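The following note is addressed to a colleague who is meeting this structure for the first time. Its points are numbered so that each may be checked against the structure in turn.

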Amino acid sequence: MKTEFNIQLRPLDMYRFNLYHTYTSVSGYLSFFIAIIAFAGAKRTWGEVSMSYSVMYVGLGILLLFYMPVTLYLRSKQQVLTSPVLNNVLHYLIDDTGVTTSQGEASTTLNWNQVYRVVTTRHNILICSSPRNAFIIPKEQVKQEYDLIRQIAQSHLETYRFKMKENI
């Protein structure tokens, strides 16, 4: 079995990957939890302490909830627009050997035994080569190939490394 397709990565696709990566880690959960505690602290102490402390609690909550997504978006946009590799079309070949990406004369193959895991999010298929790096494949660009990609990955990966949903 094999499938081939081309992907044009957009800043939004990179942003969604960065959000997923950030907010599914311990630090992402922790920042969300601390933001909730800061808002609760502001509500509980409003009027009991100096106004500057209450404003500081609210400011901390806003900083934790909104600063990270905004900086991730700006970083993602810059990353895609300034990288010649990400800014151009990537050709993918997924077969029994692994995942091969090519662009022009350059080509690289990630064998199935080197794949850390394959995960689907709401908008992307992520073929992770490590906990921090992944091939990002936007689902909307591979609607026809999704089932075949899923079958190939499922046949080569252990269950704990395979987290793809059956339907798009």
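**Note on the predicted model**

1. Confidence by element. Within the chain, the lowest confidence falls in helix α4 (residues 84-87), with a mean of 85, and the highest in strand β6 (residues 124-128), at 96. The model is a predicted one. Its mean pLDDT over the chain is 90, and 99% of the residues reach 70 or more.

2. The largest nonpolar core. This core has 22 residues, and those that touch the most other members are I94, W112, V118, I125, I127 and I137. At least two residues each are supplied by β1 (2-7), β2, β6, β7 (134-138) and α5 (146-156). Of these, α5 gives the most, with four residues.

3. The other core. A core of eight residues lies apart from the largest one, and F17, V80, L86 and L126 are among its members.

4. Surroundings of V118. Which residues does V118 contact, leaving aside its neighbours within four places in sequence? The contacts are W112, I125, L126, I127, A153, L157, R161, F162, K163 and M164. Three of the names in that list, W112, I125 and I127, also appear with V118 among the core residues that touch the most other members.

5. Helix α5. The buried residues in this helix include Y146, I149, R150, I152 and A153. The elements that cover the buried residues of α5 include β1, β2, β5 (117-120), β6 and β8 (162-163). As general background, an α-helix has 3.6 residues a turn, so residues three or four places apart point the same way. In this helix, Y146 and I149 are both buried, as are I149 and A153.

6. The nonpolar surface patch. Where does the structure present nonpolar side chains at its surface? A patch of about 660 Å² is made by L30, F33, I34, I37, L60, L63 and Y67. The elements that give two or more residues to the patch are α2 (26-45) and α3 (51-82). Helix α2 makes the largest contribution, with four residues; F33 is placed in that helix.

7. Salt bridges in general. How many salt bridges does a search of the whole structure find? The search finds four. R10, D13 and E140 are linked in a network of such bridges.

8. R10 and D13. These two residues form a salt bridge in which the closest N and O atoms are 3.0 Å apart. The partners differ in burial: R10 is partly exposed, at a relative accessible area of 29%, whereas D13 is buried, at 1%.

9. E158 and R161. In this salt bridge the closest N and O atoms are 3.2 Å apart. E158 is partly exposed, with a relative accessible area of 40%. R161 counts as buried because its relative accessibility is 13%, and buried means under 20%. R161 is also one of the contacts of V118, which connects this point with point 4.

10. K2, E4 and L93. K2 and E4 form a salt bridge with closest N and O atoms 3.7 Å apart, and E4 is partly exposed, with a relative accessible area of 40%. Both residues are also contacts of L93, which is found in strand β2 (residues 90-95). Not counting neighbours within four places in sequence, L93 is in contact with K2, T3, E4, G98, V99 and T100. By contrast, L93 and Q141 are 48 residues apart along the chain, and their C-alpha atoms are separated by 14 Å.

11. T109. This residue lies in strand β4 (residues 106-111) and is partly exposed, with a relative accessible area of 37%. Beyond residues up to four places away in sequence, T109 touches T97, V99, T100 and Q114. V99 and T100 are contacts of L93 as well. T109 and N124 are 15 residues apart in sequence and 20 Å apart in space, C-alpha to C-alpha.

12. K143. Is K143 buried or exposed? K143 is exposed, with a relative accessible area of 56%, and is found in the loop between β7 and α5. From K143 to Y20 the C-alpha to C-alpha distance is 21 Å, and the two are 123 residues apart in sequence.

Terms used. Residues numbered from 1 in each chain as written. Predicted model: local features only at pLDDT ≥ 70, side-chain atom pairs only at ≥ 80, totals over all residues. Heavy atoms only, no water. Patch = residues over 30% accessible without salt bridge, like charges linked within 9 Å, V, L, I, M, F, W, Y side chains within 5 Å. Areas by Shrake-Rupley, 256 points an atom, 1.4 Å probe, with all protein chains shown as cover. pLDDT = per-residue confidence, 0-100. Contact = heavy atoms within 4.5 Å. Core = buried A, V, L, I, M, F, W, Y, C linked by side-chain atoms within 4.5 Å. Buried < 20%, exposed > 50% of the residue type's maximum accessible area, 1.4 Å probe, protein only.
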